[in-house]
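Welcome! Take a moment to turn the structure around on your screen before reading on. Then let us walk through it together.

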Amino acid sequence: MAKHASAAVGWGHHHLQKRWLLALLLMLTVSMVIAFFIRAAFDSCERNVSVDNVIRSARDSVQVVDKRARQIAAAKPSPLSFMKSKIVLLVSHELSLSGGPLLLMELAFLLRSVGAEVNWVTFMKPSETDEVIYSLEHKMLDRGVQVFSAFGKEAIDTALRADLVVLNTAVAGKWLDYVLKEDVHRVLPKVLWWIHEMRGHYFKLEYVKHLPSVAGAMIDSHVTAEYWKNRTQERLKIKMPETYVVHLGNSNELMQVAEDSVAKRVLREHVRESLEVRNDDLLFALINSVSRGKGQDLFLRSFYEALQLIKQKKMQVPPLHAVIVGSDMSAHTKLEMELRDYVTQKKIQDRVHFVNKTLTVAPYLAAVDVLVQNSQGRGECFGRITIEAMAFQLPVLGTAAGGTMEIVVNGTTSLLHPAGKEGVTTLAKHIVKLATHVERRLTIGKRGYERVKERFLEHHMAERIGEISKEFSSRVSEKFRNVTSEELGDIKWKSSTSTVSLPAAILFELDT
């Protein structure tokens, strides 16, 4: 609030007094709501904690604070303000709690905040009702984002009249042919393709054959952009369009929680109480959906090895705990069962805690002491959880791969280890090092926070996207400047039905 106060120096004493009283009242309200709802939500006999509802009301209160602050502060105009009244269509291959869809939702809200008309379609949806999809769609509707069927007339009409179409992920490319059909060439010049994938199985011509014809591609890290450039040329014999790198940024909402000592203390106490760990215990968390690529299995091996090192050398350290946030027992995956069997086999059930998938990571970032980013292979395209952890002043133990290398500074904000089995022992040693050197752990965390403030905030991301969108819009306008209305043609739906159905085989193939 000090920044807000300094920005309003020209206001009278009466206005300043009202501002501080209002802020104090709202912050007290936030803290009280957080305490009440978290206490009610953390009642789990299996310690498989899910906190999607834990701070929903608290988050609403935080949003009230943020909205009021933006109204009364002399904030500079949004770098996306030129998008006011523009029509935007966002196309996602799925709607889930994974990184890609959530990032696109954040972009939707940024565009809505400057007055753009934002529309959303999800290419691949289950036939039955899904609670996550229902919740996320209504969150968008509440913020003024229109949600259409991906294969209905409204989606086609919107694509044709939109000023900007954003395809999210490589798989979303299939929507172009299946839905737009012969009209695809009229939409390609205004498509910005946002790519997040690093895995080789996404390099299929059927997914990305239109890449050379779109106006531009946006990728989360330089290493991923270079990888796509090389692979598309070598394997698919196509060229990438104009490609922009946009490092992601933490939302204002998350930063408010990360910088609120009262909120963090309340969250820390209640999460730890739910996990049945003490305040002085050291928690090392890996926050990602459980999969081989995220490295939960190798992390548990490193954690067990660290416990053995501490025992052998008789080190005096607080009890260590591993927290796996992103579990899903309902899926009954082979890896999920392997992880739990390993914990049982090594008799470390009291030291390892499995937490269900959740949209709300802030409580766990407030509760743990170290983030482990153990993504395997080529690593993460970017790794949003890394900058979120750094915002909470957590040191990061990460693999030396992918976008993580562009986020952290090894030895300063992180300790890196190799990906694969060869990284298990190194990670174990790093766990022991941070457990035995309190001052170094805290210093690394503070430096990580400083780096986030310098590079990885929402306004940093918005500024870069704003620059890209301006350049993008000028190119699109130039391209269509001399096109007559007759050449452009009337927007007509060429099917006798209002929807298009995808063959079951296609849906199965997209379920990656």
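This report goes from the whole protein to its sheet, its helices and its salt bridges.

## The whole protein

Please keep in mind that this is a predicted model. The protein has 512 residues, and buried residues make up 53% of them. Its secondary structure consists of 22 helices and 13 strands.

How do the contacts spread along the sequence? Among contacts between residues at least 6 apart in sequence, 78% join residues at least 24 apart.

## An open sheet of seven strands

Look for the open sheet formed by seven strands. Going across it, you meet them in the order β3-β2-β1-β4-β5-β6-β7, and the pairing is parallel. Strand β3 (146–149) and strand β7 (243–245) stand at the edges. Each of these two has a single partner strand, so one side of each is left without a neighbour in the sheet. Neighbouring strands are turned by 25 degrees against each other on average, direction ignored.

You can zoom in on one end of this order. There, β6 (residues 216–219) pairs with β7 in the parallel sense, over three bridges. Which residue in β7 is the bridge partner of Met218? The partner is Tyr244.

## A helix across the sheet

Now find helix α6, which covers residues 153–161. This helix lies across four strands: β1 (87–92), β2 (117–122), β3 and β4 (164–168). With respect to β1, helix α6 runs at about 125 degrees.

Helix α6 also holds a salt bridge between the side chains of Asp157 and Lys153, at 2.7 Å from N to O. Because the two residues are four apart in the helix, about one helical turn separates them. Is each partner buried or partly exposed? Asp157 has a relative accessible area of 16%, so this residue is buried. Lys153 has 40% and is therefore partly exposed.

## Two helices side by side

Two packed helices are described by the angle between their axes and the distance between the axes. For helix α13 (residues 296–312) and helix α14 (residues 334–345), the angle is about 10 degrees and the axes are 10 Å apart. That angle makes α13 roughly parallel to α14.

Which residues meet here? From α13 come Gln296, Asp297, Leu300, Arg301 and Tyr304, and they meet Leu335, Leu339, Tyr342 and Val343 in α14. The residues of this contact divide into six nonpolar, one polar and two charged.

## Salt bridges

How many salt bridges are there? The count comes to 16. One of them joins the side chains of Glu137 and Lys125, at 2.8 Å from N to O. This pair links distant parts of the chain, 12 residues apart: Glu137 is in helix α5 (residues 131–142), while Lys125 is in the loop between β2 and α5. Glu137 counts as buried because its relative accessibility is 14%. Lys125, at 39% relative accessibility, counts as partly exposed.

Another salt bridge is formed by Arg186 with Asp183, where the closest N and O atoms are 3.1 Å apart. Both Arg186 and Asp183 are buried. Finally, look for Arg268, Arg272 and Asp369, which are joined into one network by salt bridges that share partners.

Technical notes
Residues numbered from 1 in each chain as written. Predicted model: local features only at pLDDT ≥ 70, side-chain atom pairs only at ≥ 80, totals over all residues. Heavy atoms only, no water. Pairing = 2+ DSSP bridges. Axes fitted to C-alpha atoms, helices over the stretch in contact; angles between N-to-C directions. Contact = heavy atoms within 4.5 Å. Parallel < 35°, antiparallel > 145°, perpendicular 65-115°, else oblique. Nonpolar A, V, L, I, M, F, W, Y, C, P; charged D, E, K, R; others polar. Salt bridge = Lys/Arg side-chain N within 4 Å of Asp/Glu carboxyl O. Buried < 20%, exposed > 50% of the residue type's maximum accessible area, 1.4 Å probe, protein only.
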